[in-house]
Amino acid sequence: MNVTEWVFFIIYLVFMLGVGIFFFLRSKNAGEKDFFLGGRQMGAWVSALSAGASDMSAWVLMGLPASIYAMGMGQTWIAIGLIIGYALSWIFEAPRLRRFSIAADDSITIPQYLTKRFLSRSKALQIICAVIFLFAYTIYAASSIKACGTLFNTVMGIDAGMAMYIAAAIIIGYTFLGGFSAVCWTDFFQGLLMLAALLVAPIFALAMVKQGCAVQAELPENFWNFTADWRDIVSGLGWGLGYFGMPHIIIRFMSIRSEKEVRKSAVIGITWTFIILTFSVIAGAVGRVLLGQIENSSIVFITMVRRIFPVAISGILLSAILAAAMSTADSQLLASASSFSSDVYKPIFRKNASDKEMLWVSRIVVAVIAVVALIIAADPGSGTIMNLVENAWGVFGAAFGPAILLSLFWRRFTFSGAIAGIVAGAGVDILWLAFLKASTGIYEIIPGFVISFAAAVIVSLLSPEPTEEVKALFNKASTSTEI
């Protein structure tokens, strides 16, 4: 346990809470749109880094380097798939989703958008989406809380369970108070910190390897082989499909203030993600050479930083892991809370609920989901950080990716098709994970995405054509350069 690292961690956590308090005091009279979407006034830099930071959770500093460290460069295909998918989502999906969500009665959540895109009065789609959100986001948030526990336990010797409670309390605090604006601004600072850590640590580690400081240990067979197993390639590229349906990421597309800012955000976001993923892979590979065999591969980045740098610098760099974990957990909690309150509570239980009531319902949901995620994270049998992220990522990508893309690019797409695609995608993803992944080695998002897309198209073609009003909405959003 090191006092200097303690000090940096405490300063960082206090700063995060301070941001939440600032936006709480600043927006006491804010409504749903402000709390969940920042009033659609997010700038290019904040939107881009917030989208990236909410995506790149602690797995990019712990999970991905650990996979590279343990299994070799074949795992690099995960990073390649993510870079391709992220770039395509910003270029093709972001500008249209922003316009379509505004045209669809200024929708502020993904389930709300998918319902209003078809001018439907049915709440079936919103309820289905909310159920999937609550299920998958709870698992996803558990991975971030688990990462915080591992970090505190490794660096400071604090009991991992106690560390998870502390981390969850901080995350709940600033998300509970500040809403979307607080989440985006904390993500912005966290994104900068993550970038700095991943740029600095691998470069210094490489320098040490060149100076002959590496542990002389034999590397696993085929460690440097990028194409050792075709399943690594297919499954790795499949990760990129997740971006098209990841609610806490694509909601950032809807929050940007203008079309011009979307284009600027795309350049910033794609560049940031490329650098982050590239250096995450380098960290895992260099860590293997520098450190040799360590007992717990998930702490390769932590071990490398503490070996290379004095405590004053290591405290700052290790705070980046906290940043990575928190920047994703807060976005997940807010997305699931907004979905429940706006898509289930208000339309079904309290149609005349005031903005103030809605905000407090959302805050309560944030707390409840965080507590359940904490219970999952604390369970020793819950799996690794990377496993938890992989499972949640697969469900979201398979369920929502095809529906979102078809809603933006296909005028013949129907409400029934959207429901069929979402249900089929989530169902196939979960069943493949449970019964076929172990024997095939193929990531469940791939069959889930394919079946979801096929189900959405087939059911849409079998359904009556959209009404003229729905077609008019599609044409307006498609042809307008600025809404």
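**Group meeting: a walk through an all-helix model**

Let me start with one lysine: K437 is buried, with a relative accessible area of 18%. The cut-off for buried is under 20%, so K437 falls on the buried side with its 18%. You'll find K437 in helix α17, which covers residues 437–440. What does K437 touch, not counting residues up to four places away in sequence? The list is E390, W432, I442, Y443 and E444.

Okay, stepping back. This is a predicted model, so a word on confidence. The mean pLDDT of the chain is 83, and 86% of the residues reach 70 or more. Where is confidence lowest, and where is it highest? The low end is helix α2, residues 32–37, with a mean of 50. At the high end we have helix α18, residues 445–462, at 98. As a general caution, where pLDDT is low, the predicted coordinates should not be read in detail.

Now the overall picture. We're looking at 19 helices and 0 strands. The chain has 483 residues, and 62% of them are buried. Take the contacts between residues at least 6 apart in sequence: 86% of those join residues at least 24 apart. The accessible surface comes to about 17,900 Å², and carbon and sulfur atoms account for 68% of that.

On to the inside. The largest nonpolar core has 122 residues, and the members that touch the most other members are M56, W59, L114, F301, W393, F400 and I422. Which helix gives the most to this core? That's α7, residues 124–156, with 15 residues. There's also a second, separate core of 13 residues, and A329, M358, I369 and A370 are among them.

Let's zoom in on F400. Leaving out neighbours within four places in sequence, F400 contacts L114, C129, I132, F133, F244, G245, P247 and I422. So what about I422? I422 is one of the buried residues in helix α16, and others there include F415, G417, A418 and D429. Helix α16 runs over residues 415–435, 21 residues in total, and spans 30 Å from its first C-alpha to its last, close to the 30 Å expected at 1.5 Å a residue.

Back to the second core for a second. I369, one of its members, is in contact with A337. A337 is found in helix α13, residues 311–349. Is A337 buried or exposed? Buried, because its relative accessibility is 0%. Besides I369, A337 contacts S362, V365 and V366, once you leave aside neighbours within four places in sequence. And here's a long jump for you: A337 and Y137 are 200 residues apart in sequence, but 9.9 Å apart in space, C-alpha to C-alpha.

Last stop, the backbone. Most residues other than glycine have a negative phi. Two residues here caught my eye. D105 has a positive phi of about 60 degrees although it is not a glycine. D105 is in the loop between α5 (76–103) and α6 (110–116), and D105 counts as exposed, at 53% relative accessibility. The other one is N222, also not a glycine, with a positive phi of about 65 degrees. N222 is in the loop between α8 (160–210) and α9 (230–238). How exposed is N222? Partly, with a relative accessible area of 43%.

That's my tour, thanks.

Methods
Residues numbered from 1 in each chain as written. Predicted model: local features only at pLDDT ≥ 70, side-chain atom pairs only at ≥ 80, totals over all residues. Heavy atoms only, no water. Helix = DSSP H or I, 4+ residues; strand = E, 2+ residues; numbered from the N terminus. Buried < 20%, exposed > 50% of the residue type's maximum accessible area, 1.4 Å probe, protein only. Contact = heavy atoms within 4.5 Å. Areas by Shrake-Rupley, 256 points an atom, 1.4 Å probe, with all protein chains shown as cover. Core = buried A, V, L, I, M, F, W, Y, C linked by side-chain atoms within 4.5 Å. Expected span 1.5 Å × (residues − 1). pLDDT = per-residue confidence, 0-100.
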